[in-house]
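Colleague: I'd like to learn how to read an interface and a helix from coordinates. Could you walk me through it?

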Amino acid sequence: MRSGPGMRAGPAAAPSGAGRHSAPAGADGGWRPARARPGAAMAAGRAAAGHGQGESGHGGRGGGFLGPRVPAEVEAMARALQDVGKETFRRLLKVTVNALEGKDCKESVKQIAESTDLSEEQLAFLISGMYTLLREALRLPLSTFKQEAFKEDLKELRIPEDFIVDFSSVVFGKRRPASEGTALLQRSRLPSVQDLRWRVDVAISTSSLARALQPSILMMMKLSDGTAHRFEVPVAKFQELRYNVALILKEMNDLEKRSILKIQD
Amino acid sequence: MAAPVVPESDSIRRAVSLLNAVDPGRFPRLLSRLLQKLHLKTESSFSEEEEEKLQIAFSLEKQDLHLVLETVSFILEQAVYHNLKPASLQQQLQSIHLDQDKAEAFASAWAVAGQDTIEKFRQRVLTPQKLETIGWQLNLQMAESMQAKLKSPRAVLELGVSNEDSKTLKKVFVEFSHQELFEFYNKLETIQAQLDSLT
């Protein structure tokens with residue numbers, strides 16, 4: 001049996017984002033740090049350009065997990081943190097973690113703005129800087145990203161020692177934002193099958209054939225983006241589908257065994 | 001003998017007399033052309049120009065030509081429905097007073113293309129949407145906006161679903177991880193087991 005035709009004009013399959021999102025996607029009403037000020041947005045844009053050039057490598061100004069060029073808002077945050085008290089910092093950190101988890105933070109930010117003497121601009125830089133810092137740190141898998149390296153990088157940025165401890169506990173400790181079902185797991189992907197229902201019928205008789213005796217398969221596929229597709233699968237096409245799926249599975253198995261997966265992190 | 005496959009109504013009688021008058025030379029080609037397009041519901045077998053040519057060739061008026069074409073199609077559809085053998089088809093036609101040469105033409109055209117036509121009717125489905133094409137792509141996702149250093153194999157399945165009315169192919173893209181694809185495959189295996197139990 002032939003394998004199915006390869007896709008000619010394939011979609012952007014498994015789009016791995018070339019650009020970065022500077023704001024939590026899909027968190028409606030959530031406080032979007034990077035868009036609060038045009039300056040911060042532009043800084044994020046520059047940061048996007050500077051990224052993707054190796055996240056490994058420690059030491060040296062601008063090295064470390066943030067890439068060769070530290071995003072401007074992170075630097076601004078690091079400077080602003082010198083004058084921020086521990087209490088305020090802890091509140092800011094809490095707001096940032098909530099934003100990472102996709103929760104609405106407008107209220108808490110307003111409260112902080114009212115109760116401290118930080119200007120709106122300072123607040124924007126602080127929160128957007130902390131958000132970017134934490135989000136980049138959380139992107140890296142824990143298997144390869146170690147706490148010492150993280151602390152080193154933060155020391156390079158001249159962030160006060162106590163604050164480094166707090167940051168660490170968010171990334172490595174128990175306060176790590178839950179990854180399931182939050183803004184952090186907003187995967188850019190094509191829809192997946194959420195539910196598959198099927199039935200096998202045998203048409204005994206139709207308006208055109210007194211004795212048809214033709215089996216047919218009806219499939220109802222519900223996808224993760226909410227669309228539902230109901231269609232008939234002729235028996236021959238079903239065999240082709242089954243063959244192709246088995247073929248992909250075999251190729252996946254081969255792929256997972258091959259040395260390409262031993263690419264060094 | 002079972003009930004007659006072709007009823008003897010007025011229009012049938014009129015059509016038969018018209019058919020008997022038609023020149024038998026071109027008749028077999030007409031039959032095979034009609035058989036080819038029989039299973040296509042919406043298309044009429046002949047275009048405007050072709051109908052005009054037929055009118056001239058068979059020296060029939062427009063109305064009469066339509067009646068003849070419809071009757072021949074009806075006879076063929078009945079043959080499909082009852083899965084007639086060529087011999088019984090010929091017998092049925094002769095019993096409604098169709099000339100022998102025409103009845104023989106029917107029988108031989110049916111003997112040649114009958115089974116194929118029946119098969120095409122078998123494949124016809126009532127549901128508006130049917131799976132037509134299957135394509136796929138296997139990718140190794142290295143990273144995404146929210147996670148770096150992934151190395152996760154992902155498969156994308158492209159299902160081409162045809163819509164009976166619009167004739168355009170709707171492409172449905174579905175993405176699977178290894179685990180998801182394995183579950184999908186298990187479901188397909190269950191369906192296959194059901195199909196096997198039918199035979």
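Colleague: How many salt bridges are there between chain A and chain B?

Modeller: Happy to help; keep in mind that this is a predicted model. The count between the two chains is two salt bridges. In one of them, Arg242(A) pairs with Glu189(B), with the closest N and O atoms 2.5 Å apart. Polar contacts across the interface of chain A and chain B come to 17 residue pairs.

Colleague: Which element gives the most to the side of chain A that touches chain B?

Modeller: That is H8(A), with 18 residues.

Colleague: And what is the area buried between chain A and chain B?

Modeller: The size of an interface is often given as the accessible area lost when the parts come together. Here about 6,600 Å² is buried between chain A and chain B, and carbon and sulfur atoms give 66% of that. Chain A brings 76 residues to the contact and chain B brings 62.

Colleague: Let's turn to a helix. Which residues of H1(B) are buried?

Modeller: They are Ile12(B), Ala15(B), Val16(B), Leu18(B) and Leu19(B). Looking down the axis of H1(B), you find these buried residues within an arc of 165 degrees, so they line one face of the helix. Asp10(B) and Ala21(B), on the other side of H1(B), are exposed.

Colleague: What do the buried residues of H1(B) pack against?

Modeller: Their partners are helices H2, H4 and H6 of chain B.

Colleague: Why does the length of H1(B) agree with what a helix should span?

Modeller: At 1.5 Å a residue, its twelve residues should span 16 Å, and the end C-alpha atoms of H1(B) are 17 Å apart, which agrees.

Notes
Residues numbered from 1 in each chain as written. Chains lettered and ligands numbered in written order. Predicted model: local features only at pLDDT ≥ 70, side-chain atom pairs only at ≥ 80, totals over all residues. Heavy atoms only, no water. Helix = DSSP H or I, 4+ residues; strand = E, 2+ residues; numbered from the N terminus. Expected span 1.5 Å × (residues − 1). Buried < 20%, exposed > 50% of the residue type's maximum accessible area, 1.4 Å probe, protein only. Arc of directions from axis to C-beta. Contact = heavy atoms within 4.5 Å. Buried area = accessible area lost by both parts, 1.4 Å probe. Salt bridge = Lys/Arg side-chain N within 4 Å of Asp/Glu carboxyl O. Polar contact = N/O pair within 3.5 Å; in protein donor to acceptor, adjacent residues only side chain to side chain.
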